[in-house]
Amino acid sequence: MELHVRKVSKVFGTKAAVDNVSFSLREGGFVGVIGRSGAGKSTLLRMLNRLTDASSGQILVDGTDILALSGRAKRDWQSRCAMVFQQFNLVPRLDVTANVLHGLLGRRATLPTLLNLWSGADIDRALSILERLGIAHEATKRAEDLSGGQQQRVAIARALMQDPALILADEPIASLDPMNAQIVMDTLKRIQTEDGRMVIANLHTLDTARRYCDRVIGMRDGRVVFDGTPEQLTLGVARDIYGADATFSESATSTDIGALSTDRDYAAAMLDD
Ligand SMILES: Nc1ncnc2c1ncn2[C@@H]1O[C@H](COP(=O)(O)OP(=O)(O)OP(=O)(O)O)[C@@H](O)[C@H]1O
């Protein structure tokens with residue numbers, strides 16, 4: 001998949017949350033987007049997934065401007081690029097398997113979905129994805145009874161159910177302890193390397209970006225101020241991205257996440273025309 005983001009902006013009122021952003025991804029890989037809170041990372045990801053409309057610009061995926069899609073074509077694109085959120089956005093009272101099956105929402109007629117009419121083949125596939133992610137033994141538990149790390153793996157399983165070419169992960173480990181954060185990042189990395197899916201993840205710590213990413217995009221005030229390899233991400237560059245003064249340290253790069261979309265928003269967007 002080739003992805004070209006061309007001069008994309010998003011203006012809220014008078015403020016440009018994303019300001020004339022351009023970059024190209026030609027070979028897939030694991031891409032990290034870093035920057036301080038409010039830099040525009042979430043807005044960029046949400047425009048890629050069409051959860052938020054851009055104010056201007058183009059996003060070309062294999063030659064098609066996905067910002068111009070509507071109706072069925074827009075839904076098809078949304079099922080090709082699955083989202084993973086910081087707060088997991090599972091349906092808490094539903095069991096794990098049902099949550100994973102919700103990954104098919106964008107591809108199915110609404111009525112069978114509402115009635116929970118999944119085929120045996122769908123259920124088998126959901127279970128094999130859970131098996132692959134090491135959580136098959138939790139398949140019948142309610143989502144809300146799982147640990148944060150397990151819930152995020154369920155969310156990744158739900159994303160995989162869409163068989164996406166691209167996975168967009170918005171601060172996927174920001175709510176997790178270090179051990180679970182590592183399990184979740186390892187899972188995303190495995191999916192990227194073993195399946196050849198492209199992953200774009202908003203990350204709030206530099207060490208994670210360095211460890212997992214092939215490419216890092218640094219944003220500041222809505223603009224791309226760095227685009228390079230983890231090796232090029234020196235402390236000086238990081239200072240520039242985070243806009244920090246001489247007191248800047250790597251441990252001070254955590255973000256304060258604002259309101260993320262709810263699972264209701266997500267489901268609505270997947271069903272939306
Ligand atoms: N729906 C909205 N209405 C108005 N302003 C918004 C909206 N969504 C985002 N913004 C603003 O756009 C800017 C970029 O926000 P965004 O959430 O994309 O940043 P971010 O880098 O993802 O930050 P964080 O790490 O805190 O999530 C911020 O100033 C934010 O307040």
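**Exercise 1. The covering of helix H5**

Which helices are included in what covers the buried residues of H5? Work from the predicted model, and establish how the buried and exposed residues of H5 are arranged around its axis.

*Solution.*

Step 1. Check the length of the helix. H5 comprises residues 120-132, and its 13 residues should span 18 Å at 1.5 Å a residue. The end C-alpha atoms are 18 Å apart, which agrees with that expectation.

Step 2. List the buried residues. In H5 these are Ala126, Ile129 and Leu130. They cover an arc of only 100 degrees around the axis, so they lie on the same side of H5.

Step 3. Recall the geometry of the helix. An α-helix has 3.6 residues a turn, so residues three or four places apart point the same way.

Step 4. Turn to the other side. There, Gly120, Ala121 and Asp124 of H5 are exposed.

Step 5. Identify the cover. What covers the buried residues of H5 includes H3 and helix H6 (148-161).

Step 6. Inspect the end of the helix. Just after H5 comes Gly134, with a positive phi of about 75 degrees.

**Exercise 2. Helix H6**

Determine how many of the 14 residues of H6 are buried, and compare its expected span with the distance between its end C-alpha atoms.

*Solution.*

Step 1. Compute the expectation. At 1.5 Å a residue, the 14 residues of H6 should span 20 Å, and this agrees with the end C-alpha atoms, which are 20 Å apart.

Step 2. Count the buried residues. Of the 14 residues of H6, 13 are buried, and the helix is mostly covered.

Step 3. Look beyond the helix. Asp163 follows H6 and has a positive phi, near 50 degrees.

**Exercise 3. The six-stranded sheet**

Give the order of the strands in the open sheet, and explain why strands E6 and E10 each have one side without a neighbour.

*Solution.*

Step 1. Write down the order. The open sheet of six strands runs E6-E7-E8-E3-E9-E10, and the pairing is mixed.

Step 2. Find the edges. Strand E6 (81-85) and strand E10 (223-228) each have a single partner strand, so one side of each is left without a neighbour in the sheet. From one strand to the next, the twist averages 20 degrees.

Step 3. Examine the pairing of E3. Strand E3 (residues 30-34) runs parallel to strand E8 (residues 198-202), to which four bridges join it. Val31 stands opposite Ile200 in E8. Four bridges also join E3 to E9, again in parallel, and the bridge partner of Val33 in E9 is Ile217.

Step 4. Assess the faces of E3. In a regular strand the side chains alternate between the two faces of the sheet. On one side of E3 are Phe30, Gly32 and Ile34, and on the other are Val31 and Val33; all are buried, and both faces are covered. Five of the five residues of E3 are thus buried.

Step 5. Add the helix that crosses the sheet. Helix H9 (residues 235-242) lies across E3, strand E9 (215-220) and E10, and it runs at about 160 degrees to E10.

**Exercise 4. Two residues with positive phi**

State where Phe88 and Asn89 are located, and decide whether each is buried or exposed.

*Solution.*

Step 1. Locate the residues. Phe88 is in the loop between E6 and helix H3 (96-101), and Asn89 is found in that loop as well.

Step 2. Read the backbone angles. Phe88 is not a glycine, yet its phi is positive, about 70 degrees. Asn89, likewise a residue other than glycine, has a positive phi near 55 degrees.

Step 3. Apply the cut-off of 20 or more other C-beta atoms within 10 Å. Phe88 has 25 C-beta neighbours inside 10 Å and therefore counts as buried. Asn89 has 22 other C-beta atoms within 10 Å, so Asn89 is buried.

**Exercise 5. The surroundings of Val18**

Describe the environment of Val18, and state which residues it contacts beyond its neighbours within four places in sequence.

*Solution.*

Step 1. Place the residue. Val18 is in strand E2 (residues 15-25), and Val18 is buried because 29 other C-beta atoms lie within 10 Å.

Step 2. List the contacts. Leaving aside neighbours within four places in sequence, Val18 is in contact with Val8, Ser9, Lys10, Gly40, Thr43, Leu44, Met47 and Gly222.

Step 3. Compare sequence with space. Val18 and Met219 are 201 residues apart in sequence, whereas their C-alpha atoms are 9.0 Å apart.

Step 4. Set this beside the whole protein. Among contacts between residues at least 6 apart in sequence, 72% join residues at least 24 apart. Buried residues make up 44% of the 273 residues.

Methods
Residues numbered from 1 in each chain as written. Predicted model: local features only at pLDDT ≥ 70, side-chain atom pairs only at ≥ 80, totals over all residues. Pairing = 2+ DSSP bridges. Helix = DSSP H or I, 4+ residues; strand = E, 2+ residues; numbered from the N terminus. Axes fitted to C-alpha atoms, helices over the stretch in contact; angles between N-to-C directions. Contact = placed C-beta atoms within 7 Å. Buried ≥ 20, exposed ≤ 12 C-beta atoms within 10 Å, placed from the backbone. Expected span 1.5 Å × (residues − 1). Arc of directions from axis to C-beta.
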